[in-house]
Amino acid sequence: MGSAGTLPPLQRLPASSGTEKIFQAYEEDGAVIIEGFLTESQVKQMNEEITPGLEQINPKQGSDLAAFLGTRTKRLPAVPNSRVFREEVLENELMHSLSEKILVEGSPDGYHINCAQVIALGPGAESQPFHRDQGLWSFWEKFPASGPEACINFLCSLTPFSEENGATRAIPRTHKSMEDLDYYKDAESLPAELNPGDALFFSGRLIHKGGHNKTNEVRRALTIHLCRNGLNTQEAHPLTIPREIANTMSYRAQAMFGFRSGWPIHQSSGNHFWSNSWEEVGEGLKLKAK
Ligand code: AKG
């Protein structure tokens, strides 16, 4: 395994570089920093909106899952807690064009959100173990690295990310091999140092982890983790997001959380999955869309 000195640096591209250049960097390294993925005002508003919710929750304790999630780390669902997330961040066209390019091979494929949450890494939070996000669906780990992508992650910074405060750590190019995770136990990695609004965009195959927060600050991230339709999601969104909130969202945003039969809409194959007797599920539910 390469050392930090020999690892290729994480490429940084402004959001304005567009889908093709960002896709190319993602293909090369499995991860790329997208500068200015969120606007300054989105970051400011989101920070204001999530603060009361974060104050009311505590990190999980007392299980292997809690240890993985971080016993000093708070995780807050974004949809019910942030209007700017629902109305603006979810409409990010760069995020949708990359998702479509990577997660949709053809009709009737689609993509949706596995989880969208704020990750607030408290002072002293320990580093996570290295992992691949696709490991959520253990069978996907049996596919070769050349196979289709299960999921992708836009991990956005809501506060500055530094090596000291627990920036996400990544091992570039590990999306190209399917070594057992043990192989990376003591491997060198790079911190994704981000300004608020930047995103670390990475493959579900990339080896990464949340870093160790050695400071007294809280490091806040927003993870938008998207996966292929057909993969069950971590969060039971349509059962947990109140209908009144879903009614305020666009059709595409509703589809991201299972309130619609699918996205993108495939005219020829119709409502192939997650339907109501072949009808679009939101129609049957008389769901409004903005
Ligand atoms: C995870 O929880 O799966 C992560 O990779 C979190 C990364 C981070 O918080 O930097």
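Which residue in β9 is the bridge partner of Ala170? The views below come from a predicted model, and the first of them holds the answer.

**View 1. Three strands, β7, β6 and β9, make up an open sheet.**
Start with Ala170: its bridge partner in β9 is His208. Strand β6, residues 169-170, pairs with β9 in the antiparallel sense, and two bridges join them. Now widen the view a little to take in β7, and you can read the order β7-β6-β9, with antiparallel pairing. β7 (190-191) and β9 stand at the edges with a single partner strand each, so one side of each has no neighbour in the sheet.

**View 2. Phe23 and Tyr26 form an aromatic pair within helix α1.**
A search of the whole structure turns up nine aromatic pairs, and the pair of Phe23 and Tyr26 is tilted, with 5.7 Å from centre to centre and 35 degrees between the planes. Both residues belong to helix α1 (residues 19-29), where they sit three residues apart, about one turn of the helix. Are these two rings buried or exposed? Phe23 counts as buried because its relative accessibility is 15%, under the 20% cut-off. Tyr26 is buried too, with a relative accessible area of 6%.

**View 3. Tyr26 also pairs with Phe201, and this pair is stacked.**
Here the ring centres are 5.3 Å apart and the planes differ by 25 degrees. Why does this pair tie together parts that are far from each other in the sequence? Tyr26 lies in helix α1 while Phe201 lies in strand β8 (residues 199-203), so the pair links parts 175 residues apart in sequence. Phe201 is buried, with a relative accessible area of 0%. Step back once more and a cluster appears: ring pairs link Phe23, Tyr26, Phe37, Phe154 and Phe201.

**View 4. Two lysines, Lys101 and Lys209, lie over the faces of aromatic rings.**
Look again at Phe23, and you will find Lys101 over the face of its ring, at 4.7 Å from the ring centre. For the other example, turn to Phe130: Lys209 lies over its face, at 4.3 Å from the ring centre.

**View 5. The largest pocket has a volume of about 890 Å³.**
How do we look for empty space in a structure? Rolling a probe the size of a water molecule over the atoms shows where such space is left. The lining of the largest pocket is built from 42 residues, and those nearest its centre are Phe68, Leu69, Arg75, Gln117 and Gln128. Elements that each supply at least two residues of this lining include α3 (64-69), β3 (73-77), β5 (151-157) and β10 (219-228). β9, which you met in the sheet of View 1, is another of these elements. β4 gives the most, with six residues. Sorted by class, the lining has 15 nonpolar, 18 polar and nine charged residues.

**View 6. The second largest pocket has a volume of about 580 Å³.**
Which residues lie nearest the centre of this pocket? They are His112, Asn229, Arg260, Ser261 and Trp274, out of a lining of 33 residues. β4 contributes at least two residues to the lining here, as do α7 (237-240) and α9 (251-256). By class, the lining of the second largest pocket divides into 15 nonpolar, 15 polar and three charged residues.

Methods:
Residues numbered from 1 in each chain as written. Predicted model: local features only at pLDDT ≥ 70, side-chain atom pairs only at ≥ 80, totals over all residues. Heavy atoms only, no water. 1 Å grid on protein atoms, 1.4 Å probe; cavity = no way out; pocket = protein on both sides within 12 Å on 5 of 7 lines; lining within 4 Å. Points joined across faces, edges and corners; volume = space filled by probe spheres on them. Helix = DSSP H or I, 4+ residues; strand = E, 2+ residues; numbered from the N terminus. Nonpolar A, V, L, I, M, F, W, Y, C, P; charged D, E, K, R; others polar. Phe/Tyr/Trp six-rings, centres within 6.5 Å; stacked < 30°, edge-to-face > 60°. Buried < 20%, exposed > 50% of the residue type's maximum accessible area, 1.4 Å probe, protein only. Lys NZ or Arg CZ within 6 Å of the ring centre and 35° of its normal. Pairing = 2+ DSSP bridges.
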